[in-house]
Amino acid sequence: MYTEAFMQRALALSAQALDQPGTEPFGAVIVKDGQVVGEGFNHARAKWDPTAHGEVEAIRDACQRLGTLQLDGCELYTSCEPCALCVCAMGIVGISALYYGASLEQSHAAIGALPASARPPIDTDALRREAGATIEARRMPATQALDAEAIDILKQWAARRS
């Protein structure tokens with residue numbers, strides 16, 4: 001259930017980017033049973049990590065704090081509508097509800113005119129389409145190799161856990 005205080009916290013994290021070098025204004029909070037269990041904001045440039053988006057950072061924080069890889073029953077509050085990377089990460093961990101501030105269109109209108117040196121141009125619509133596509137349908141060439149060996153390792157790993 002939406003709680004404004006958690007959205008305000010996500011916005012406060014987003015605002016930290018105004019004065020912190022290497023960050024961008026995308027903040028996120030993860031809530032479980034009415035308590036904040038994870039927080040993050042975009043550190044991609046500061047960490048030289050293109051996956052260090054606010055939502056992903058909050059997921060990492062929550063998983064570490066809770067000692068789990070599953071966040072079923074958790075809600076995610078974020079300052080802007082998540083990109084495809086973040087949506088996929090939320091799906092992987094099982095986030096139950098999402099609340100966001102600015103839509104992708106609104107955030108693009110607000111910061112889309114920045115030069116590439118300040119913010120790399122990302123086609124969020126194309127990334128969303130690609131995220132759900134099969135590997136063969138993606139824009140990046142992909143070749144399968146040594147699949148038998150890879151499958152053998154997977155089977156060995158599974159056998160040790162059954």
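# Salt bridges, cores and rings in a predicted model

By the rule used here, the count comes to 6 salt bridges. A salt bridge is a side-chain nitrogen of Lys or Arg within 4 Å of a carboxyl oxygen of Asp or Glu. This is a predicted model: local features need pLDDT of at least 70, side-chain atom pairs count only at pLDDT 80 or more, and totals for chains, interfaces and linings use all residues. Residues are numbered from 1 along each chain as its sequence is written, and side-chain values use heavy atoms, with hydrogens and water left out.

Start with Glu 39 and Arg 9. Their side chains meet in a salt bridge at 2.7 Å, N to O. The pair links distant parts of the chain: Glu 39 sits in strand β2 (residues 35-42), Arg 9 in helix α1, and their positions lie 30 residues apart. Helices (H or I, at least four residues) and strands (E, at least two) are DSSP runs, numbered from the N terminus. How exposed is Glu 39? Glu 39 has a relative accessible area of 23%, so it is partly exposed. Arg 9, with 30%, is partly exposed too. The classes are buried for under 20% relative accessible area, exposed for over 50%, and partly exposed in between (1.4 Å probe, protein chains only).

Next comes Glu 24 with Arg 45. The closest N and O atoms of this salt bridge are 3.3 Å apart. Again the pair links distant parts of the chain, with Glu 24 in strand β1 and Arg 45 in helix α2 (residues 44-47), 21 residues apart. Glu 24 counts as buried because its relative accessibility is 9%. Arg 45 is at 31% and therefore counts as partly exposed.

The side chains of Glu 57 and Arg 60 also meet in a salt bridge, at 2.6 Å, N to O. Both residues are in helix α3; they are 3 residues apart, so about one helical turn separates them. Glu 57 is buried, at 10% relative accessibility. Arg 60 is partly exposed, at 34%. Salt bridges that share partners join these two residues with Lys 47 and Asp 49 into one network.

Now turn to the interior. In soluble globular proteins, nonpolar side chains tend to be buried together. A nonpolar core is a set of buried Ala, Val, Leu, Ile, Met, Phe, Trp, Tyr and Cys residues joined through side-chain atoms within 4.5 Å. The largest such core here has 17 residues. Those with the most contacts inside it are Ile 30, Ile 59, Leu 71, Cys 74, Leu 76, Val 93 and Ile 95. Four elements each supply at least two residues of this core: β1 (24-32), α3 (54-66), β3 (74-80) and α4 (84-93). Helix α3 gives the most, with 5 residues.

Cys 74 shows the surroundings of one core residue. Contact means heavy atoms within 4.5 Å. Leaving aside neighbours within four places in sequence, Cys 74 is in contact with Ile 30, Val 31, Lys 32, Val 37, Ile 95, Ser 96 and Ala 97. A second, separate core has 9 residues, including Phe 6, Met 7, Val 29 and Tyr 99.

What about the rings? A search of the whole structure finds 4 aromatic pairs. Rings of Phe, Tyr and Trp (its six-membered ring) pair if their centres lie within 6.5 Å; planes under 30 degrees apart count as stacked, over 60 as edge-to-face and the rest as tilted. Phe 6 and Tyr 77 form a tilted pair, 5.5 Å centre to centre with 55 degrees between the planes. The pair links distant parts of the chain, 71 residues apart: Phe 6 is in helix α1 (residues 4-15) and Tyr 77 in strand β3. Both residues are buried. Ring pairs link Tyr 2, Phe 6, Tyr 77 and Tyr 99 into a cluster.

Tyr 99 lies in strand β4 (residues 97-102). Not counting residues up to four places away in sequence, Tyr 99 touches Met 1, Tyr 2, Met 7, Glu 75, Leu 76, Tyr 77 and Thr 78. The C-alpha atoms of Tyr 99 and Val 37 are 16 Å apart, with their positions 62 residues apart in sequence.

Last, helix α7 (residues 147-161) holds Asp 147. Asp 147 counts as partly exposed because its relative accessibility is 37%. Its C-alpha atom is separated by 25 Å from that of Ala 89, 58 residues away along the chain.
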